[in-house]
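Hi everyone, and thanks for making the time. I'd like to walk you through one model today, so please have a look at it on the screen before we start.

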Amino acid sequence: MDNDKIARINELYHKSKSEGLTPEEAEEQQNLRKEYIASVKNNLRSQLDNVVVVNPDGTSRDLGKERAGKRLH
């Protein structure tokens, strides 16, 4: 998500507190928030897909491969 959209989310938030939003602005705010949340979730998934956990016994678990295996079932 780009900085312009985040700025717009903040702008709509402040406007909602000060004077209220039109129905169109409220819908825009809701859509932007959904897009932002989806972006955060995708970034987190991407990070977790690149994590390898090394156990004390020296074995390792690739979380990305484990998650990919669960998606296939």
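Let me begin with a question: where is the place of Arg8? Arg8 sits in helix α1. Before going on, please keep in mind that what you see is a predicted model.

So how much of Arg8 can be reached from outside? Its relative accessibility is 22%, and therefore Arg8 counts as partly exposed. If we leave out residues up to four places away in sequence, Arg8 touches Glu25, Glu28 and Leu32. For Leu32 we can also look at the backbone: the C-alpha atoms of Arg8 and Leu32 are separated by 8.3 Å, with their positions 24 residues apart along the chain.

Let's zoom out to the helices. Helix α1 covers residues 3–18 and helix α2 covers residues 23–49. At what angle do they pack? The angle is about 135°, and the two axes are 10 Å apart. That angle makes α1 oblique to α2, since the roughly antiparallel class takes angles over 145 degrees. As for handedness, the crossing of α1 and α2 is left-handed.

Which residues make this contact? On the α1 side we have Lys5, Ile6, Arg8, Ile9, Leu12, Tyr13, Lys15 and Ser16. On the α2 side they are Glu25, Glu28, Gln29, Leu32, Arg33, Glu35 and Tyr36. Sorted by class, the contact of α1 with α2 holds six nonpolar, two polar and seven charged residues.

With those charged residues on the screen, here is a general reminder. Side chains of opposite charge can pair when their charged atoms come close. How many salt bridges does a search of the whole structure find? The search gives five, and I'd like to show you three that run between the helices.

The pair I'll take to begin with is Lys5 and Glu35, a salt bridge whose closest N and O atoms are 2.6 Å apart. This pair links distant parts of the chain, with Lys5 in helix α1 and Glu35 in helix α2, 30 residues apart. Lys5 has a relative accessible area of 30%, so it is partly exposed. Glu35 also counts as partly exposed, because its relative accessibility is 34%.

Now back to our friend Arg8. Arg8 forms a salt bridge with Glu28, and here the closest N and O atoms are 2.9 Å apart. Again distant parts of the chain are linked: Arg8 belongs to helix α1 and Glu28 to helix α2, 20 residues apart. The relative accessible area of Glu28 is 30%, so Glu28 is partly exposed.

The next pair on my list is Lys15 with Glu25, where the closest N and O atoms of the salt bridge are 2.7 Å apart. Lys15 lies in helix α1 and Glu25 in helix α2, so this pair ties together parts that are 10 residues apart in sequence. Is each partner buried or exposed, or something in between? Lys15 is partly exposed, with a relative accessible area of 23%. Glu25 is buried, because its relative accessible area of 14% is under the 20% cut-off. There is also a network to point out: salt bridges that share partners join Arg8, Glu11 and Glu28.

Two more residues of α2, and then I'll stop. Gln29 lies in helix α2. Why does Gln29 count as buried? The reason is its relative accessibility of 9%, which is under the 20% limit for that class. Leaving aside neighbours within four places in sequence, Gln29 is in contact with Leu12, Tyr13, Ser16 and Leu21.

Glu24 is found in helix α2 too. Buried or exposed, which is it for Glu24? With a relative accessibility of 58%, Glu24 counts as exposed, because the exposed class starts over 50%. To get a feel for distance along this part of the chain, take the C-alpha atoms of Glu24 and Ser39: they are separated by 22 Å, and the two residues are 15 residues apart along the chain.

That's my tour for today. Thanks for listening, and I'm happy to go back to any of these views.

Terms used: Residues are numbered from 1 along each chain as its sequence is written. This is a predicted model: local features need pLDDT of at least 70, side-chain atom pairs count only at pLDDT 80 or more; totals for chains, interfaces and linings use all residues. Side-chain values use heavy atoms; hydrogens and water are left out. Axes are lines fitted to C-alpha atoms, for helices over the stretch in contact, and angles run from 0 to 180 degrees between N-to-C directions. Helices (H or I, at least four residues) and strands (E, at least two) are DSSP runs, numbered from the N terminus. Angles under 35 degrees count as roughly parallel, over 145 as roughly antiparallel, 65 to 115 as roughly perpendicular and the rest as oblique. A crossing is left-handed if the near helix is turned anticlockwise from the far one by less than a right angle, and right-handed if clockwise. Contact means heavy atoms within 4.5 Å. Ala, Val, Leu, Ile, Met, Phe, Trp, Tyr, Cys and Pro count as nonpolar, Asp, Glu, Lys and Arg as charged, and the others, Gly among them, as polar. Buried means under 20% relative accessible area, exposed over 50%, partly exposed in between (1.4 Å probe, protein chains only). A salt bridge is a side-chain nitrogen of Lys or Arg within 4 Å of a carboxyl oxygen of Asp or Glu.
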